[in-house]
Amino acid sequence: MGIFTETQWSPYVVGALIGLLNILALRISNKPISASTTYIKVSGMIRKIFQREKVQRNEYYSQKTPEVDWGVMLVIGVVIGSFLSATLSGDFQLTLVPEMWASNFSESFFPRFITALMGGIILGIGARWAGGCTSGHGISGASQLSIVSWVAAASFFIGGIITALIKYSL
Amino acid sequence: MEKYHENKKLQLLLGLVIGIVFGFLLQKGGVTKYDVILAQLRLMDFAVLKIMLTAVIVTMLGISYLYPKGKIQIHPKSGSLKNSVIGGLMFGVGFAILGYCPGTIAGAVGNGYIDGLTGGMIGIIIGSGIFASMYSTLKKKKWIEDDHFSEVSLFQRMKGNSFKYTLPFALVLAGVMAVLEVVGV
């Protein structure tokens, strides 16, 4: 049980186990691990409450049917799994503002909330535009040797590194 | 295996179980934390890249073994180089501002990060919804389109033993990580 109560594992061990998990997912579920599609499905499920017809007529939602599927369950599982890991190691902590943010910008919650919201909106549009995220393109697509996934993954990091360097030089 | 793939209830359960293991691993890797992700994007600590590259190597070698035998199918994504560059750069900007990505933010929520739950997750859902509303127009104006790389995997083009191609590539990726270790990041 000792290893489960450790706070951090080597990135190589974590990466190798994620790789094995990905192969298992392909074998038993015929699906590679991905996360961002869940958010478009959830957005459709929420909008259906207010604008049922509009969602039904929407071309994009007809490709990404707003329903609870394997991927939505996966993202719910990630919340649970992370909670389990953090609780076992005593690493769980309710945090309003992450440390690196607080020490560079502000300790109050509202500015962090607004930037997280804005960042999330930009990321959400970008993920759909590119057709995937760090898991779907960066791990699953890249390992399936898809060119569009390698280009997307490189673009994630180019955009991310430039923005982060600007953000922390202000 | 096919009859298991078609069993919807079983698949929902498997999705949950795989997600739990994935979330557990992400948390143990530290990438459910804003500080770790920003340290990567600020080029101070390369844990995120090491996890991703190792996962890619292992998955790629697994596919090299199982795909030619017909034990698994592959699912290369649709899209184009243009979609990947435009969307990818936009994603990167959001990634650095938010400090989480769609998978790790779910892990951040499990780790107790309230900014991820209230700001980030809602933001990603709103952003996805905005895209759905723009999609028809973007497609009509050819801002978004598929090219001849859409749904293409190099595994489909390989002749003979896949390891002939993937093993040297795995060594290159391992070499990149060896350099990172030597540099000490």
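These exercises walk through a predicted model of two chains, A and B.

**Exercise 1. Describe the secondary structure of each chain.**

Solution.
Step 1. Take chain A. It has 9 helices and 0 strands. Its order along the sequence is therefore α-α-α-α-α-α-α-α-α, given that helices and strands are the elements numbered from the N terminus.
Step 2. Take chain B. Here there are 8 helices and 0 strands. From the N terminus, the elements read α-α-α-α-α-α-α-α.

**Exercise 2. Find the extent of each chain and its share of buried residues.**

Solution.
Step 1. Start with extent. The C-alpha trace of chain A spans about 45 × 40 × 35 Å along its principal axes. For chain B, the C-alpha atoms fill a box of roughly 50 × 50 × 40 Å.
Step 2. Turn to burial. Chain A has 170 residues, and 56% of them count as buried. Chain B has 185 residues, with 51% buried.
Step 3. Look at contacts between residues at least 6 apart in sequence. In chain A, 50% of these join residues at least 24 apart. In chain B, the figure is 64%.

**Exercise 3. Work out which parts of chain B touch chain A.**

Solution.
Step 1. Count the residues. In chain B, 108 residues are in contact with 109 residues of chain A.
Step 2. List the helices of chain B that each supply at least two residues to this side. They are α1 (2–5), α2 (8–29), α3 (34–41), α4 (47–66), α5 (81–98), α6 (102–111) and α7 (114–140).
Step 3. Pick out the largest share. It comes from α7(B), with 19 residues.
Step 4. Sort the residues on this side of chain B by class. There are 62 nonpolar, 39 polar and 7 charged.

**Exercise 4. Describe how α5(A) packs on α6(B).**

Solution.
Step 1. Get the geometry. Helix α5 of chain A covers residues 70–89, and its axis lies 7 Å from that of α6(B). The angle is about 45 degrees.
Step 2. Name the arrangement. Angles from 35 to under 65 degrees fall in the oblique class, so α5(A) is oblique to α6(B).
Step 3. Give the handedness. The crossing is right-handed.
Step 4. Find the residues. On α5(A), they include V75(A), V78(A), V79(A) and F83(A). On α6(B), G103(B), A106(B) and G107(B) are among them.
Step 5. Sort by class. This contact has 8 nonpolar, 6 polar and no charged residues.

**Exercise 5. Check the length and surroundings of α5(A).**

Solution.
Step 1. Compute the expected span. The rise is 1.5 Å a residue, so the 20 residues should span 28 Å.
Step 2. Compare with the model. The end C-alpha atoms of α5(A) are 28 Å apart, which agrees.
Step 3. Check burial. In α5(A), 14 of the 20 residues are buried, so the helix is largely enclosed by the rest of the structure.
Step 4. Look just past the helix. G90(A) takes a positive phi of about 75 degrees.

**Exercise 6. Describe how α1(A) meets α4(B).**

Solution.
Step 1. Get the geometry. Helix α1 of chain A, residues 11–29, packs with α4(B) at about 35 degrees. Their axes are 7 Å apart.
Step 2. Give the handedness. This crossing is right-handed.
Step 3. Find the residues. P11(A), Y12(A) and V14(A) are among those in α1(A). In α4(B), they include A47(B), K50(B) and I51(B).
Step 4. Sort by class. The contact divides into 15 nonpolar, 6 polar and 1 charged.

Methods: Residues are numbered from 1 along each chain as its sequence is written. Chains are lettered from A and ligands numbered from 1 in the order in which they are written. This is a predicted model: local features need pLDDT of at least 70, side-chain atom pairs count only at pLDDT 80 or more; totals for chains, interfaces and linings use all residues. Two residues are in contact if their C-beta atoms, placed from the backbone, lie within 7 Å. Helices (H or I, at least four residues) and strands (E, at least two) are DSSP runs, numbered from the N terminus. Ala, Val, Leu, Ile, Met, Phe, Trp, Tyr, Cys and Pro count as nonpolar, Asp, Glu, Lys and Arg as charged, and the others, Gly among them, as polar. Axes are lines fitted to C-alpha atoms, for helices over the stretch in contact, and angles run from 0 to 180 degrees between N-to-C directions. Angles under 35 degrees count as roughly parallel, over 145 as roughly antiparallel, 65 to 115 as roughly perpendicular and the rest as oblique. A crossing is left-handed if the near helix is turned anticlockwise from the far one by less than a right angle, and right-handed if clockwise. The expected span of a helix is 1.5 Å times one less than its number of residues. A residue is buried if 20 or more other C-beta atoms lie within 10 Å of its own, exposed if 12 or fewer, and partly exposed in between; C-beta atoms are placed from the backbone.
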